[in-house]
Amino acid sequence: MHRMHLKTSAGITEVLEIPVHIRLTAIAALMSLVVFFLPSLTLTLFSIPRMNLSFFQILQSGQMRLSIHDVKYTLTFSGALPFLLLSLLLPVLILLLIFFYRKITEKVPGRAVSAAVLSLLFVNLVSLVLVPTKLISGAVLAKASVGSSDLFFAPQAVGNLCILLLITGLCAAAFGTMGLKMHLRMVSYPYFLWLVVFTVLPLLLIFFAAFFTKNSSGSYVFTLGGFQTLMVPRVIEARFYGLTLHLQEYFSVFLRSLDYAVWTTFGCLLVAYPLAYALANRARRTHTSSSLLLMFFVLPMWINTMLRTYAWRAFFGQSGVLNNILISFHWIAAPILFLKLDFLSDFIIKLVLVNDFLPFMLLPIYSVLVKLDENVTQAAHDLGANSRQAFSRVVFPLSMPGVISGIQMVFMPALTFYMIPEIISEGSVTTIGTTVQTFILSESVVQQQAGNVLSLLLLIFVLITMGILRNSDKDTGGGGMIL
Amino acid sequence: MADFRSSAGKPQLLEDSTGSAHIIELKGINKSFGDLQVLHNITFYIRNNEFLTLLGPSGCGKSTTLRILAGFESADSGIVNFEGHDLLSVPAHKRQLNTVFQRYALFPHLNVYDNVAFGLRLKKVSKEEIRTRVDEALETVGLSGFGNRWVDQISGGQMQRVAIARAIINRPRVLLLDEPLGALDLKMRKEMQMELKEMQRELGITFVYVTHDQEEALTMSDTIIVMKDGVIQQIGTPTDIYNEPRNAYVADFIGESNILPGAMSRDYEVTFAGKIFACVDPRFPEAPEGSDPVDVVIRPEDIYVKEESPDRINGMVTSLVFKGVHYEMLVDGDDGFTWMIQDVDPVKVGKRIGMTFDPDDIQIMRKSDFSPDRRKTQPSEEDTVLPEDI
């Protein structure tokens with residue numbers, strides 16, 4: 001622990017030298033003391049409206065007026081008195097203990113002090129909770145048709161915050177009692193919870209939903225029904241680039257999505273790399289780290305995707321902007337159905353996808369290129385490399401981490417993206433995304449399972465792709481990689 | 001005088017009394033960045049196979065000169081001849097010069113072997129020849145067997161050696177070195193200085209070396225060019241530069257010196273510190289009749305400590321520092337000047353002494369408006385942290 005050398009006040013120095021967990025406990029105790037005096041009894045008595053007294057006022061007047069559902073009650077505090085006093089005295093005691101922590105720990109081990117603080121804080125919490133139930137008798141509650149459990153849960157943010165603080169104090173004291181020291185890295189612990197709740201748990205649930213089903217007796221059994229639904233040997237006609245292919249139904253769907261994802265990635269790379277190169281060169285030449293020009297290319301990212309996609313459809317639509325222009329110039333007589341034509345619609349979907357994902361490819365490549373050491377390129381020239389050779393042998397290999405992160409940021413989402421193909425093709429194109437949606441929203445349990453299995457298969461495919469990309473970047477050290 | 005190669009006036013013909021071959025000649029190079037002119041009429045030549053050092057503080061234009069030679073910067077005006085051919089119109093990648101960069105600038109995506117082989121691969125040299133020549137280059141810099149290491153797995157000194165090996169693999173006519181030892185620690189720097197000098201002799205390549213470290217320049221160079229604010233101050237051998245600094249700036253930049261104002265009214269006689277001294281220099285030819293103000297340099301090691309006497313410059317010792325080989329003393333002279341003396345025998349602080357020196361240790365220079373700060377005689381120290389010059 002860092003010792004702070006404040007020579008001005010011995011008392012402050014002592015308080016600052018006590019361990020983190022004890023300081024946290026002090027905050028909790030201080031909070032419960034303040035709550036006692038603040039007109040915020042509502043903190044623990046939230047479901048009862050229009051009551052705004054502090055414990056301190058009850059202690060002063062001996063009684064309080066309360067109105068529940070417009071019926072007024074007068075409450076006496078006789079039953080709650082010991083708990084009221086406890087919730088006043090305990091925080092004071094804890095704070096005194098902490099203030100003299102240094103002196104006390106000279107004789108008693110710190111763990112014992114922590115244990116004492118822990119037990120005092122616990123009693124404090126209990127007494128705070130018990131006051132309302134002792135104040136308000138069961139008869140009053142029954143008359144007002146309010147349950148006693150309503151007294152303990154605070155539906156307001158302030159109340160929840162206070163309870164959280166108290167619990168944090170309890171945890172901190174428990175830490176001290178166990179002889180553990182609190183470190184700043186514990187700030188990261190809640191994120192593990194986040195990881196478990198929002199990543200691990202959902203994955204487990206998907207897996208469970210995909211392969212387990214409830215049988216007639218109500219218990220869960222393993223099943224491959226969903227998997228078999230996907231593997232059903234039904235062959236359909238699919239059109240790819242003017243060719244008509246006979247493919248297994250869901251394989252053709254997968255192929256369609258893969259086709260979009262690959263072209264989106266390739267298109268983004270083709271547009272983004274030269275653009276990033278030019279922008280990075282410009283930024284280096286003008287000695288600015290951020291480029292206003294770059295912002296303009298990223299700007300569309302901040303507009304809702306759906307909105308943009310509908311705008312594209314409006315542009316290419318039957319009575320859209322493009323058709324209107326073409327007709328007004330008398331280049332065509334009747335509107336062209338861009339979105340209904342097999343080949344054109346396919347092209348437009350890819351165009352919109354590239355437009356949509358461009359920033360995700362542009363930014364990682366730009367950030368790597370802009371940080372590239374100018375001397376390294378000059379060294380290449382110095383050793384006899386012309387511009388083309390310097391690019392292919394030095395600049396491009398060094399920008400690979402950016403390219404790979406760009407691919408990861410574009411390919412993976414593009415594979416499962418269904419909104420753009422759906423909106424542009426007006427529902428006539430089936431992608432993996434739409435298939436999963438149809439499966440999951442269906443009434444049939446087997447179909448839902450198929451949706452989950454499909455999600456898992458996609459995840460496995462994505463993980464494999466990512467693994468390949470990661471390995472291919474081993475040589476360059478992976479600087480600038482996001483995943 | 002040793003400054004016959006200098007560029008004091010208009011671009012002049014470069015005459016060399018020794019008659020040796022010049023590999024590079026620069027004539028009247030000017031260069032500005034925006035409103036700031038960083039090079040003023042730079043004119044000098046580089047002899048074949050010599051070790052030439054551009055010496056000066058940060059921002060003096062030495063690196064810019066080197067970058068113009070390498071082809072990374074263009075000159076606003078002037079001529080650069082490389083063996084009689086115009087060099088400025090040749091793109092960087094076609095010049096027969098190679099550069100060792102200040103921060104090494106190794107290719108981080110290649111290992112040591114591939115870094116060194118880079119230049120040869122571009123020339124479509126056969127695999128076997130690449131292998132022999134890379135091994136040879138690595139051996140030259142003392143890194144045999146390091147080929148498979150990644151450049152981030154080796155130390156700063158080793159990176160520097162790789163950078164040198166990479167630069168000499170193409171067998172350039174001239175090697176340009178931009179403060180190559182700047183990022184190394186003192187001991188490593190001393191070692192590398194010796195090795196570089198040795199390497200230059202063995203390889204028979206002309207070295208153009210940029211540094212702000214005067215000691216480094218004196219140790220390694222055949223010729224030193226002292227620069228300040230984009231103007232060449234003096235060109236000469238290390239001995240010339242040290243013993244006969246052309247002006248107060250050079251005297252101050254190269255080593256410790258006592259620089260004081262003086263005057264000459266006749267040949268072989270100079271007045272300073274209120275006394276007349278015999279010297280070995282005649283008056284400057286352009287000096288007017290009567291008293292001509294000059295700057296006088298006396299090196300601290302050339303001063304003899306003697307007894308106090310009315311016909312000597314007298315003073316009191318105010319500080320005494322042991323420097324290893326000698327003691328360094330500061331003496332508050334009765335003339336009002338603080339003298340620095342280096343002597344192997346210490347004199348107690350507070351003691352009064354007299355000072356003498358030989359006539360040929362008095363160096364007379366034309367008066368310049370440069371006024372050296374006694375406490376900052378080595379401007380190089382604070383420059384070491386700066387990553388690059390203009």
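Two residues are taken to be in contact here if their C-beta atoms, placed from the backbone, lie within 7 Å. With that in hand, the helix packing in chain A of this predicted model is a good place to start. In helix 2 (residues 20–37) of chain A, the residues that meet helix 4 (residues 81–99) are A:Ile22, A:Thr25, A:Ala26, A:Ala29, A:Leu30, A:Ser32, A:Leu33 and A:Phe36. Across from them, helix 4 of chain A puts up A:Ser87, A:Leu88, A:Pro91, A:Val92, A:Ile94, A:Leu95 and A:Ile98. Sorted by class, this contact comes out as 12 nonpolar residues, three polar and no charged ones. The axes of the two helices sit 9 Å apart and make an angle of about 150°. Angles over 145 degrees count as roughly antiparallel, so helix 2 and helix 4 of chain A are roughly antiparallel to each other. Their crossing is left-handed.

Helix 4 of chain A also packs against helix 6 (residues 110–135) of chain A, with the axes coming within 8 Å and crossing at roughly 155°. That angle makes helix 4 and helix 6 of chain A roughly antiparallel too, and the crossing is again left-handed. On the helix 4 side, the contact is made by residues including A:Phe83, A:Leu84, A:Leu90 and A:Leu97. Helix 6 of chain A brings, among others, A:Val113, A:Val117, A:Leu121, A:Asn124, A:Leu128 and A:Lys134. Here the tally by class is 17 nonpolar, three polar and one charged. A:Ser87, A:Pro91 and A:Ile94 of helix 4 turn up in the contact with helix 2 and in the contact with helix 6 as well.

Zooming out, chain A holds 20 helices and six strands. Of its 483 residues, 30% count as buried. Among chain A contacts between residues at least 6 apart in sequence, 67% join residues at least 24 apart.

Further along the chain comes helix 16 (residues 374–382) of chain A, whose buried residues are A:Val376, A:Gln378, A:Ala379, A:Ala380, A:His381 and A:Asp382. What covers these residues? Part of the cover is from chain A itself, namely helix 17 (387–416), and part is from chain B, with helix 1 (62–70) and strand 6 (97–100) included. Helix 16 of chain A is followed by A:Gly384, which has a positive phi near 105°.

Taking the two chains together, 18 residues of chain B are in contact with 17 residues of chain A. On the chain B side, strand 6 and helix 2 (112–122) each supply at least two residues. Helix 2 of chain B gives the most, with three. The class breakdown of this side of chain B is nine nonpolar, six polar and three charged residues.

Chain B also offers some sheet structure worth a look. Strand 1 (residues 22–33) and strand 2 (residues 36–47) of chain B pair in the antiparallel sense over eight bridges, with B:Ser32 partnered by B:Gln37 of strand 2. The hairpin they form has two residues between the strands, and B:Gly34 in it takes a positive phi near 65°. Strand 1 of chain B is joined by five bridges to strand 4 (residues 77–82) of chain B, again antiparallel. In that pairing, B:Glu25 has B:Asn81 of strand 4 as its bridge partner.

A separate stretch of chain B makes up an open sheet of five strands in the order 13-12-11-14-20, with antiparallel pairing. Its edge strands, each pairing on one side only, are strand 13 (275–278) and strand 20 (363–366) of chain B. Neighbouring strands of the sheet are turned by 40° against each other on average, direction ignored. Within it, strand 11 (residues 258–266) and strand 14 (residues 292–298) of chain B share seven bridges, and B:Met264 is paired with B:Asp292 of strand 14.

Finally, two non-glycine residues of chain B have a positive phi. B:Asn49, in the loop between strand 2 and strand 3 (51–55) of chain B, has a phi near 65°. B:Ala105, in the loop between strand 6 and helix 2 of chain B, has a phi near 50°. Are these residues buried or partly exposed? B:Asn49 has 18 C-beta neighbours inside 10 Å and so counts as partly exposed, whereas B:Ala105 has 22 and therefore counts as buried.

Methods. Residues numbered from 1 in each chain as written. Chains lettered and ligands numbered in written order. Predicted model: local features only at pLDDT ≥ 70, side-chain atom pairs only at ≥ 80, totals over all residues. Buried ≥ 20, exposed ≤ 12 C-beta atoms within 10 Å, placed from the backbone. Helix = DSSP H or I, 4+ residues; strand = E, 2+ residues; numbered from the N terminus. Nonpolar A, V, L, I, M, F, W, Y, C, P; charged D, E, K, R; others polar. Axes fitted to C-alpha atoms, helices over the stretch in contact; angles between N-to-C directions. Parallel < 35°, antiparallel > 145°, perpendicular 65-115°, else oblique. Left-handed = near helix turned anticlockwise from the far one by under 90°. Pairing = 2+ DSSP bridges.
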